[in-house]
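Me: I would be grateful for a close look at the open sheet in this model and at the parts that bear on it. Please then set that part in the context of the remaining elements and of the annotated sites.

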Amino acid sequence: MTMTIISSPHSARVNRVDQVMVQVCLALIPGTAALVWFFGWGVLINMALATVFAVTAEALVMKLRGRPALPAISDYSAVVTALLFALTIPPTLPWWMTLLGILFAIVIVKQLYGGIGYNPFNPAMAGYVFLLISYPVATTSWLPPDVSELLEARDLSTLSFVDSVRLIFTGALPEGLTWDAVSAATPLDELRTMLDQGKTIDMIRESPLWGLFGGRGWEWVGASFLLGGLYLLWRRVITWHIPVAFLGGLLAVAAAFWLVDPQGYPFPTFHLFSGGAILGAFFIATDPVSACTTRRGQLIYAALIGVTVFVIRTWGGYPDAVAFAVLLLNIAVPMIDQYSQPRVFGHGRGERKKA
Amino acid sequence: MSGLRSILDGGGQRKLWHFHGGVHLPDEKGLSNRQPIADAPLPSQLVIPLQQHIGAPARCRVAVGDRVLKGQLIAEPQGYISSPVHASSSGTVVAIEPRPIPHPSGLSSPCVVIETDGEDRWAELPAPLAERPEQIGGCDPAVVRDRVRASGIVGMGGAAFPSNVKLNPGKDQPIETLVINGAECEPYITCDDLLMREQASDIIDGVRIMLHVIAAKKAVIGVEDNKPEAAQALRTAIESAAVGDRVEVAVIPTLYPSGGEKQLIRILTGKEVPSHGIPAQVGIVCQNVGTTAAVADAVLRGRPLIERLVTVTGRAVAEPRNYRVPIGALGETLIAASGGYRGEIAKLVSGGPMMGFRLETDAVPITKATNCLLALTTDESPDPGPALPCIRCGRCAEVCPANLLPQQLYWHARAKELDKVQDFNLFDCIECGCCAHVCPSHIPLVQYYRFAKTESWAREQEKRAADHARERHAAREARLERQERERKAKLRKKKEAVAGGAAASAKVGKADRSTKGTETDKQAAIEAARRRAAEKKATVAKTEQAAQPQGSDAAAASGLPPVDERKGAVLADDPAASRTGSGAGQQGAERQGAEQPVAEGSAAEPSAAGETPAAEGSAAGEKPVAEGSAAGEKPVAEQAAVGETPAAEKPAAEKPAGERHLARRETAVQE
């Protein structure tokens, strides 16, 4: 891998992997802040835990593989994986589940395939799905967003930092609280349940869980991640192709069904601003290692993720679907790449490639 | 991607297109373009390489001890794709020996070393073909081309392809537009900029001459918008020459590598030079501004190419600026003229930072292709450090001006999957360096591509050599078999004739021969029988006399007399010759040695036809490749072997004698 550069160009390189990763971390700040605002300290505790676990795991595996650990951890890719993972799990998840998820993500999904650059699946999403399948209840028990009316309605108070730490490390709830009292269904979950009960969208919208165009609180989280995503676009860390195609695909299908049956399907923006759609579109589907590399391929890949998200949310067994959709399309990447190669300069427009 | 966008430039309303990708680089031109061109001091010694161009090295015409004058021919071209070399000042030849030359390999090459006498006395120059540029219309284009060739003019943007060849696109290739490359897209380099500012009228004169030579209607000079003074100077020159209806300045957005030949043609005309093709195929000839001015010098003043502008720049040199340098002056004299090095120098580069190659020493001569000596500090050219794993981010594909997938090329090149890497069009890579420049993992991508190209050529060559050997073997076997058959047939005929003479005439008629042969035989037999009957005393000697013509007749009928047979062998070898010709010069030469009388005449011609276009095709890669091509693996010349455009049969036809030199050139290049 180490090869002295004797060839041109002699220019100073303008990009570096660690800088790219740091940009991604920075772009996560607004979304993280919103999550902390609405869901408490648990989010930050999880992020810190996951980061420590991930970096340690990465270093250990590199040692096992007989390679220097420092270059691997100093590219911050493990940190990004850890942060994204921590943002998708509930803020009250026991610490050992976080550890399991991270170990699965870093050791099995990333390093066993050869480390950074070689993993066919998005490690953070694979780790999350691993937990989701193994511990479905724990990984879907979210707190209600910290919106005063909501809390008043249910007579709750938010968890303090100490409460959160204790909850995560010991599983002990503050005195006088029960899980049923602390946790709440996510808007997507609520929507499914209500629709299954035969309620119309208008009836469902009466619920205090609904905000302006998505789940209450969640819509702000989504908007904050959008802000971070725009930052990534501005810094040219990502290009518009994947986010636009992802959200476009999701919106298009959602809109089609909503137009046909406005009472049976939520307004399209609900899909965007509830759950992980925005985070997925800007931060997860854009993971370069597991995404398509050709421009056309990226459009196809991301649009299909958007469609799959809608399909799973609407007819699948899980309320949210971004992780599943991303992983499903990850495996389609080599094929999409193969059939979406650009026309090379000087080659006729109709010319077929041999490859 | 490559949608058209019309941009209004200052001069006209020319529609500009764009190519895929490209990168915006800090242009760093301000370092060296603020001062006028200076004349480099005349060095006490000039080291003039015999090969400064693509093609066969020139053959030295002077000997050690000879006195030479400025502008005197010191080496003549060998073959069509070659170029002469002239003395850049007067003095005495003190050595003819290999010296280090500016080449990525760092190897030495034969040079003529001249001890200058300081008088700088001119030799007698050929008379100008025209006094003024407007009189050029009266000159035969072929004469002008000959003058360009005799003046040793080669592409001065870096490719150093003989210009007369490019100015001879052939009659079946009507040229619509002459594109003049004044883009100078590489950062730091400003010699074209300064040339356009200070010698704009020379450039316009050259444009008029070349328009006449290639019979093109229009010329467009492409200048990047970071050189407004140059564009203005050209416009003024066009105005004063009153050629505004035929010559136009197009200001194009600054974007590396706009100065690549194919990219510039795309920007200015919207046309794409086909893969492996040459600009003439889309009705365009492209020349660098420096070359254009040199053409004017040669045609209007009779001056050969013995000096050029060189930018000495970079932050590791005290006073960056441009010099008018006699070819053969050592780099160190220019560095010294610029106040020497300043601080820590990280790299000395010949050419620009994107495509130039690293020099081991500054004691190498300036050649016709050297446009810049770039002394970079560690800040300007930091060590990119060890390459990290590719994270598949695709930035390389974003910036690739050829719209390739550099990442896929990298994976396959790394795995030495030469077939796959060619499926991904490796040979459309112009080695501009954009991909490596933006790669966040700092992978030396261009190095991988050069490696894969070299490997592919080597394999191709091996395969050709093997095929050639097999075909030669088969041809030889066939020939021996035929000779044997022939011999036996002759023997048999002889025997039969003898037997026929002894036996009855009917027996002869039964002989197993071709119809025609049988008839002849029959007649001969009848005659013999009649004679026998008449004389009644036939001798064996007489019968034999009758049989002799009979035998050769039969052989002629079957088309394989011993003499013709050699020709047959040649024909059998021929396809092999043309197949191998373009790349496997070495084998070609060997073969010529082995089968001299056979190969000499017929075998070489097709090989020349196969080769010239290839060489031209390589020129097509010019600018960006150019420097890269100079770069070590001689991709350009070798690309020849891969390209198989039949475009330039014309030059081959015009100069059939050149072909064996070509074979030699290939040999030289491959070594």
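**A close look at the open sheet and its surroundings**

Reply: The model is a predicted one, and chain A has a mean pLDDT of 86, with 90% of its residues at 70 or more. Two stretches of chain A fall below a pLDDT of 50. One is residues 1-5, which has 16 contacts in the model beyond near neighbours in sequence. The other is residues 351-355, for which seven such contacts are found.

The open sheet belongs to chain B. Its six strands follow the order β1-β14-β13-β17-β15-β16, and their pairing is mixed. At the edges stand β1 (38-39) and β16 (357-358) of chain B, each of which pairs on one side only. Within the sheet, β15 (residues 347-350) and β17 (residues 372-376) of chain B are antiparallel and share four bridges. Val349(B) has Leu374(B) of β17(B) as its bridge partner. Helix α3 (residues 191-198) of chain B packs on this sheet, where it touches β13 (307-313) and β14 (321-326) of chain B. The direction of α3(B) makes about 125° with that of β13(B).

How much of α3(B) is covered? Six of the eight residues of α3(B) are buried, and the helix is thus mostly covered. Those buried residues are Cys191(B), Asp192(B), Asp193(B), Leu194(B), Leu195(B) and Met196(B).

Ser88(B) merits separate attention. The residue is located in the loop that links β6 (85-86) and β7 (91-100) of chain B. Ser88(B) counts as buried because its relative accessibility is 2%, under the 20% limit. Its side chain reaches the backbone oxygen of Ile327(B) at 2.5 Å. When residues up to four places away in sequence are not counted, Ser88(B) touches Leu46(B), Ile48(B), Lys70(B), Asp120(B), Ile306(B), Pro326(B) and Ile327(B). Ile327(B) therefore appears both as the polar partner of the Ser88(B) side chain and among the residues that Ser88(B) touches.

Chain B also holds a parallel arrangement about strand β10. Strand β9 (residues 177-182) of chain B runs parallel to β10(B), and six bridges join them. On the other pairing, six bridges join β10(B) to strand β11 (residues 247-252) of chain B, again in the parallel sense. Individual positions show how these strands are aligned: Ile180(B) stands opposite Ile221(B) in β10(B), and Gly222(B) stands opposite Ala250(B) in β11(B). Strand β10 (residues 218-224) of chain B has six of its seven residues buried, so the rest of the structure largely encloses it.

Four cysteines of chain B carry an annotation. An unreviewed UniProt entry places the feature "binding site" at Cys390(B), Cys393(B), Cys396(B) and Cys439(B). Although these residues span 50 residues in sequence, no two of their C-alpha atoms are more than 10.7 Å apart, so they gather at one spot. Of these, Cys396(B) has its place in helix α9 (residues 395-399) of chain B. Cys396(B) is buried, with a relative accessible area of 11%. Beyond residues up to four places away in sequence, Cys396(B) touches Pro406(B), Gln407(B), Cys435(B), Val438(B) and Leu445(B). Cys439(B), by contrast, is found in the loop between α12 (434-438) and α13 (445-502) of chain B. Cys439(B) is likewise buried, at a relative accessible area of 9%. With neighbours within four places in sequence left aside, Cys439(B) is in contact with Asn15(A) and Leu445(B). Leu445(B) is thus a contact of Cys396(B) and of Cys439(B), while Asn15(A) brings chain A into contact with this annotated site.

Chain A has 20 helices and zero strands. Of its 355 residues, 55% are buried. Among the contacts of chain A with a separation of 6 or more, 76% come from residues 24 or more positions apart. Chain A has an annotated position of its own: for Thr186(A), UniProt lists "modified residue: FMN phosphoryl threonine" in an unreviewed entry. Thr186(A) occupies the loop between α11 (179-182) and α12 (187-196) of chain A. With a relative accessible area of 14%, Thr186(A) is buried. Apart from its neighbours within four places in sequence, the contacts of Thr186(A) are Trp142(A) and Trp218(A).

Definitions and conventions. Residues are numbered from 1 along each chain as its sequence is written. Chains are lettered from A and ligands numbered from 1 in the order in which they are written. This is a predicted model: local features need pLDDT of at least 70, side-chain atom pairs count only at pLDDT 80 or more; totals for chains, interfaces and linings use all residues. Side-chain values use heavy atoms; hydrogens and water are left out. pLDDT is the predictor's confidence in each residue, from 0 to 100. Contact means heavy atoms within 4.5 Å. Two strands pair if DSSP finds at least two bridges between them. Axes are lines fitted to C-alpha atoms, for helices over the stretch in contact, and angles run from 0 to 180 degrees between N-to-C directions. Buried means under 20% relative accessible area, exposed over 50%, partly exposed in between (1.4 Å probe, protein chains only). A polar contact is a pair of N or O atoms within 3.5 Å; within protein, one must be able to donate a hydrogen and the other to accept it, and residues adjacent in sequence count only if both atoms are side-chain atoms. UniProt positions are given in the numbering used here, feature names are shortened, and annotations may be inferred rather than shown by experiment.
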